[in-house]
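Please open the structure in your viewer and keep the sequence panel beside it, since the tour moves from the whole chain to single residues. At each stop you will be told what to select and what can be found there.

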Amino acid sequence: MPVITIEGSKITKEQKKNIINDVTEVLSKNYKIPTQSFTVIIHENDSENIGVSGKQLSELIHK
């Protein structure tokens, strides 16, 4: 059973629902195994805990 772990900034419940569905569908199709075989885990991080290009994501978002 594949386990998919997604790390990112905080998102809405609706966005999580869509991501879980979309990722599961794509990987199910490509692996050729049923969607029931997949587990998706979303780890949310505060934007000040994520660095992009040497800057905190919170700095980049609020510009």
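The tour begins with the whole chain and then visits a few chosen places.

**The whole chain**

Before selecting anything, keep in mind that this is a predicted model. Show the protein chain as a cartoon and trace it from the N terminus, where the elements run in the order β-α-β-β-β-α, which amounts to two helices and four strands. Now turn the view around while showing the C-alpha trace, which spans about 40 × 25 × 15 Å along its principal axes. A compact globule of 63 residues would have a radius of gyration near 11 Å, whereas the value for this protein chain is 15 Å.

Switch next to a surface view, where the protein chain exposes about 4900 Å², with carbon and sulfur atoms supplying 52% of that area. Buried residues make up 16% of the 63 residues. If you think about which parts of the sequence meet, consider the contacts between residues at least 6 apart in sequence: of these, 56% join residues at least 24 apart. Finally, colour the charged residues, and you can look for 8 positive and 8 negative charges, whose mean positions are 4 Å apart.

**The salt bridges**

How many salt bridges does a search of the whole structure find? The search finds two, and each of them deserves its own stop.

Select Lys10 and Asp46 and show their side chains, which meet in a salt bridge with an N to O distance of 3.1 Å. This pair links distant parts of the chain, 36 residues apart, with Lys10 in the loop between β1 (3–9) and α1 (13–31) and Asp46 in the loop between β2 (39–45) and β3 (51–52). Lys10 counts as exposed because its relative accessibility is 55%, and the cut-off for that word is over 50%. Asp46, at 31% relative accessibility, counts as partly exposed.

For the other salt bridge, select Glu44 and Lys16, whose closest N and O atoms are 3.2 Å apart. Here too the pair links distant parts of the chain, since Glu44 belongs to strand β2 and Lys16 to helix α1, with their positions 28 residues apart in the sequence count. Glu44 is partly exposed at 31% relative accessibility, and Lys16 is also partly exposed, with a relative accessible area of 26%.

**The loop between β2 and β3**

Stay in this region and select Ser47, which is found in the loop between β2 and β3. Is Ser47 buried or exposed? Ser47 is buried, because its relative accessible area is 17% and buried means under 20%. Leaving aside residues up to four places away in sequence, Ser47 touches Gln56, Leu57, Ser58 and Ile61.

Follow one of those contacts by selecting Ser58, which lies in helix α2 (residues 57–61). Ser58 counts as buried at 13% relative accessibility, and, with residues up to four places away in sequence again set aside, Ser58 touches Ser47 and Glu48.

Now return to the loop between β2 and β3 and select Ile50, which is found there. Not counting residues up to four places away in sequence, Ile50 touches Gly8, Ser9, Asn45, Lys55, Gln56 and Leu57. To get a sense of distance across the model, draw a line from the C-alpha atom of Ile50 to that of Leu27: these atoms are separated by 26 Å, although the two residues are 23 residues apart along the chain.

**Two residues with positive phi**

The last stops concern the backbone. Select Lys32, which lies in the loop between α1 and β2, and note that Lys32 has a positive phi of about 60° although it is not a glycine. Lys32 counts as exposed, at 71% relative accessibility.

Then select Ser53, in the loop between β3 and β4 (55–56). Ser53 has a positive phi of about 55° and, once more, is not a glycine. With 74% relative accessibility, Ser53 counts as exposed.

Terms used
Residues numbered from 1 in each chain as written. Predicted model: local features only at pLDDT ≥ 70, side-chain atom pairs only at ≥ 80, totals over all residues. Heavy atoms only, no water. Salt bridge = Lys/Arg side-chain N within 4 Å of Asp/Glu carboxyl O. Buried < 20%, exposed > 50% of the residue type's maximum accessible area, 1.4 Å probe, protein only. Contact = heavy atoms within 4.5 Å. Rg over C-alpha atoms; globule rule 2.2 N^0.38 Å. Areas by Shrake-Rupley, 256 points an atom, 1.4 Å probe, with all protein chains shown as cover. Lys, Arg positive; Asp, Glu negative; His and termini not counted. Charge placed at Lys NZ, Arg CZ, Asp CG, Glu CD.
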